Every structure is written in C-alpha cells, then in structure tokens.
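Hi everyone, thanks for having me. Let's take a few minutes to look at one structure together, starting with its charged pairs.

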Amino acid sequence: MNPPFCHTGNLKTAVDENVSSQLLLTLAASSTIAILFSIAVAQVLLGVGIVVLLAQRKSWRLPPVMLPLGLFFLWTVIAKTIAQGPLTPSAQLRKFYVYLILIVVFAAARRALDARWILLGICAAGTLSAIWSVVQFGRRTLEARAAGAEFYEYYLPNRTTGFMSHWMTFSAEMLVVLAISAAFLLFGARDRRWMLLASSAAVLSTVAIVLNLTRGVWLAAGAAMIYLLAAWRPKWLLALPPALGLVYFLSPATVQERAISIVRPKGTTDSNQHRYVTWRTGLAMIEAYPVFGLGPERVETRFQEFVPADIARPLPTGWYGHLHNVYLQIAAERGLPALILLLWVLLSFARDWGRALRSLGPGRGDLQFALQAAMAVLVGTLVNGFFEYNLGNSEPLHLFLAVSACGYVAYTSWLSLRPASSHSSMV
C-alpha cells in the first residue's frame, strides 16, 4: 500500500502538468496572434514556448509530416554546405527556428476547441490590421494629392502595410485571415457572437486585399474562396463571377486599373516584365544547378550572371533579391530534390486533412472549421507561391505553419473518433 503522501505528490504533479499545458497553449496562441503585429514579440513568445515544451515531463507528440520536413531541412543544410561551407552563416538555416511553431502549436492545442480559439484570435488581430490599412490607404491618397502625383504610380511603391513593414507580408497575412473567417462562416459552429467577428474579419480583410493591389494575393484569395464554396455548396460557385464583377465596378479607379494590368500592364510600373525576367532567370539557375542549387542566399548575389542573353538591358524596375516564386526559389537555391521534399510536406497536409474531411459527419463544427480553414489557407498559399516567395518571409511562414498545426489538431481529434487500428501510423 502506498504511503498517503504519494497521493499528494501525484496530485501536485497533475496540477503542475496542467499549469504547464495551459501556459504552453497560451504561449503558442500568443505567438501566433502576435505575428500579425510584431515578429520580434512573436519569436520571443515562441522561444519561451519551446522552453516550456522541453521542460514538460509528458512525452511529445509530433505532426505526421516530420519525415518529409526533416528531410527538407537536411537537404537544405547539405545544399548550403556544398555551396558555402559548413560554418558560413545562413538566414535560411536560422529560419528553421520559425518552423518550430508547427510543433509548439500542435503540442499545445490538444482539442479542436483549442485550435478554434487560435484561429479566431488570428481573425480578431487581422481585423485590427485591416482597419489600420484602410486608414493608411486614405493617407496615401492625401499624400499623392499633396505631392501632385498621379495616384497609381505614387501608390504602387507605397502600398498599405497594416502593422507590417511591407505590403507583400501584409497581403499574405490578410489572405490567411480571409480564408479562416470565410471557413468559420461556412463551416463553424452557429455562434452569433463569433459570427459577427468572422463577418467583420471577412469583409475588412477583403477590403484590405483589394486596396493593397497585390495581384498574386487577389488570385490566391479567389482560389481559396473557390475551394471553400466548392466544399460547402458547389452551386454557389455560380454566384462568384457576378460577385467579382460587382467588386470590380464598386472599386476605386486605381483598383480597376490594377486589375486590367494583369493582361495589359502599364509599362514598367507594373511588375509583369520584372516577373518574366526573374522566372526565366530562375529556370536558368535550375538548369545549371539541378541537384543542390546555388545555395541559400546565393540567388541575389549571382542573379546577373544567369539572366538570359536575349533579355534587354537595363532590366525592368523591381526587386531582384529573389525569384518571386517560391517553387523556383527553392529549386534554384537548394536543388530540385528540395522542391520535391517541400511539395511532399504541402501535399501531405492536403492528403491528411482531405482524408478527415471526406469522412466527417454532421455535428462536428469545430473539426470542420479547423480542417476547412487549414485547407483554404493551404490552397491560397500554394497559388500565391507562384507569384511571390511567400514561404521565405518569416511572418507569412509563421502564420501558415500555425494554421497548419491547427489543421493537424483537428486531424488527430478526428483520428481519436476512429478505431485504434485505423490510425496506428500516427506519429
């Protein structure tokens, strides 16, 4: 028979573990939400969360994509070592730290309800950022008038940024907010208080995306909405073209001009020619170094030597520090095997979440919401990746991985509803 004090010790241990679990969840959620305001704060909170996770006595659980993700990390290290040597500092190796948010959120959020609160927290923070971006748009309008400048040419290099430092980062975050809020409206629990938040987030993030004039995010947002409507009520896809037409005709002339620039650019003001140059140069790099690539951070320093000879000089105005395409960038930096491994990770997300969604019955609001939100964010991120190196930026990467972790929280909750034999392969 155990001495009486053992029961007290067990109770204390249980209380300590519960406090630790709640602290970890708070840190994971706070880091995810903070990334919409400050990367420094978000990464500090992530660091504290990692310490708490390491200090926990219970065994870790890892998302089921650790094999391809680990191989992707390994190939990146090999490519960097071959190109630059083992001791050379590398921003891309330091970015591995950001990937830890996937593990921390997945370990912290044990229930679909936990994932729901994190996702709705993103919507709340994103709504504030979207509101501030509308104020910024008004200020840019006044600035252009005061300077006597043509607004379109003045605004493109001075677009809204919300709480971020660059419009590309901001628009990528608004894409995530829109996808989550739309998923909640279509698949979430019918809670009027949170429906109001989700509606506000959906409307304001849409306005922010439209006014931001980042065309790649426009297309990515459209793809995410097409996915959600097709998953919810396919017949509602018929309403999408007239809705887009209405948005176009109600938009400011600057937005209409930017939409037309997709097929009829305004000289070098729009980035069409610039993208053409970066994409062709990226293909030349991959052709020259198909296995291990040029090495991380080497695309910018060696860009000029790979520009095809038939492209006129000087090059169109634009940023040539990367290839403005996540797939070309990864392959050019780290080789085609790295790209294959990254696609393995991303397609594993779709496979696992899709498997759960296909078998979920009615009455699973939180599971449906988290899974559909993660899928919509994935679809939007994949499409946006064709037009920007979105996963190379810490803020969008941090947010994308946190949402993906929420998707896997819902996935493991779905697995727990099934017979043990059906999910024996879970890591």
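Let's begin with D114, which forms a salt bridge with R111. In this pair the closest N and O atoms are 2.8 Å apart. Please keep in mind that we are looking at a predicted model. The general idea behind a pair like this is simple: side chains of opposite charge can pair when their charged atoms come close.

Now, are the two partners buried or exposed? D114 has a relative accessible area of 7%, so D114 is buried, because buried means under 20%. R111 comes out at 46%, which makes this arginine partly exposed.

Next, please find D270. Which residue does D270 form a salt bridge with? The partner is R258, and here the closest N and O atoms are 2.6 Å apart. D270 sits in the loop between α12, residues 253-260, and α13, residues 272-288, while R258 belongs to helix α12. The two are twelve residues apart in sequence, so this salt bridge ties together those parts of the chain. How accessible are they? D270 has a relative accessibility of 2% and counts as buried. R258, at 4%, counts as buried too.

A third pair is R351 with D352, where the closest N and O atoms are 3.0 Å apart. R351 is partly exposed, with a relative accessible area of 47%. D352, on the other hand, is buried at 4%. Elsewhere, E150, E257 and K266 are joined into one network by salt bridges that share partners. And how many salt bridges does a search of the whole structure find? The search finds ten.

Let's leave the charges and turn to a pair of helices. Helix α8 covers residues 167-187, and helix α9 covers residues 192-212. Their axes come within 8 Å and cross at roughly 145°. The crossing of α8 and α9 is left-handed.

Who makes the contact? On the α8 side, the residues include W167, F170, M174, L178 and F184. On the α9 side, they include W194, M195, A198, A202 and I209. There are polar residues in this contact as well, among them S171 and S181 of α8 and T206 and N212 of α9.

So what classes of residue do we find where α8 meets α9? The contact has 15 nonpolar residues, six polar ones and no charged ones. If you rotate the model, try picking out W167 on α8 and W194 on α9, both of which take part in the contact.

Thanks for listening, everyone!

Notes. Residues numbered from 1 in each chain as written. Predicted model: local features only at pLDDT ≥ 70, side-chain atom pairs only at ≥ 80, totals over all residues. Heavy atoms only, no water. Axes fitted to C-alpha atoms, helices over the stretch in contact; angles between N-to-C directions. Helix = DSSP H or I, 4+ residues; strand = E, 2+ residues; numbered from the N terminus. Left-handed = near helix turned anticlockwise from the far one by under 90°. Contact = heavy atoms within 4.5 Å. Salt bridge = Lys/Arg side-chain N within 4 Å of Asp/Glu carboxyl O. Buried < 20%, exposed > 50% of the residue type's maximum accessible area, 1.4 Å probe, protein only.
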